[in-house]
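Colleague: Could you take me through one helix pairing in this model, up close? I'd like to know what touches what, and how the two pieces are angled.

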Amino acid sequence: MKSFIGKRAIASGVSLVVLIVIVFFLSRLTGDPTDLYLPIDATTEMRQQFREMNGFNDPLIIQFGRYVSDLAQGNFGQSLRQARPAMNVVLEAFVWTFWLAAITMALVTVAAIVIGSLAAFRVGGVFDRLATFFSLIGAAAPDFWLAIVAIVIFAVKLHVLPTSGTGTFWHWVLPVSVLFIRPFGLILQVVRGSMISVLSSAYVKTARAKGVRSNSIIFIHGLRNAMLPVITVIGDQAAAILNGAVVVETVFGFPGIGKLMIDSILLRDFAVVLAVIMVSALAIFIMNLLIDIAYALLDPRIRY
């Protein structure tokens, strides 16, 4: 297991280095941020001083070398927009996204596993058809459309929920609800398909013949063996939300890492963009590592 983790860490590190190089040079192609941070009537001297102070006058290769040198010393650069360390800005936003992802995925996982397992127990029944119908709709519904519809109905028409902010429980209802729908539909379908395969196996038929209760067959005998493909999808969906539910955070004005990324790109806050990439890549690595560990715990063949 240790050697496996080491190999994954090396591969992730190489990927991160390549990603940083690509993002560094591509972000510079968006243009000079000087005009965005100085007034329209700024003099040529003021513009020159701003570029000189932030190192934008140097060739790109020199800027990159300076960035790598600072990075080796733990310096991720300064945010042009907020005039403070870029990593501090990113971590503050990441905390909001982390809680948004944790709450959403906890609700999604429990609901999808329970409903998907029950639907698989009686394939073709009313409950199975309803669960399949609504899960397919949820999996296909785009987040931006759901977010706009939710705002129109619950905020504009009914006036029961706020459209943005994080101050109270009610501020979290719309973002969590919108983020819930698509992962729920996807994971439910995977749970249902995997459970149908497991429940048709010989050992489950034997348990039924011995009179084992349905709940025990579903949630004890069947679910453990059906969880391997489910874990992969749960991890993918969690990583997607954790690395910035860009559309949902932007529509609801949620101060997470996705909205920060969009704002920083538009304002050419290069240090923050690169810091977001690093934090996101690290989150993906940790999520994939947790999935591998869960695989090993559930399947002894992988463990040994």
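Modeller: Sure, let's start with the record: the unreviewed UniProt entry annotates "transmembrane region" over residues 9-29, 96-121, 133-157, 169-191, 212-234, 240-258 and 270-298 (positions follow the numbering used here, feature names are shortened, and annotations may be inferred rather than shown by experiment). Keep in mind that this is a predicted model, where local features need pLDDT of at least 70, side-chain atom pairs count only at pLDDT 80 or more, and totals for chains, interfaces and linings use all residues. Residues are numbered from 1 along each chain as its sequence is written, and side-chain values use heavy atoms, with hydrogens and water left out.

Over residues 133-157 the chain is 92% helix and 0% strand, with end C-alpha atoms 27 Å apart. Now for the pairing: helix H7 covers residues 143-157 and helix H8 residues 169-199, and their axes come within 10 Å, crossing at roughly 140°. Helices here are DSSP runs (H or I, at least four residues), numbered from the N terminus; axes are lines fitted to C-alpha atoms over the stretch in contact, with angles from 0 to 180 degrees between N-to-C directions. That angle makes H7 oblique to H8, since angles under 35 degrees count as roughly parallel, over 145 as roughly antiparallel, 65 to 115 as roughly perpendicular and the rest as oblique.

As for what touches what, Asp143, Leu146, Ala147, Ala150 and Phe154 of H7 meet Leu174, Val178, Ile181 and Arg182 of H8 (contact means heavy atoms within 4.5 Å). Sorted by class, that contact has 7 nonpolar residues, 2 charged and no polar ones; Ala, Val, Leu, Ile, Met, Phe, Trp, Tyr, Cys and Pro count as nonpolar, Asp, Glu, Lys and Arg as charged, and the others, Gly among them, as polar.

How values were computed
Helices (H or I, at least four residues) and strands (E, at least two) are DSSP runs, numbered from the N terminus.
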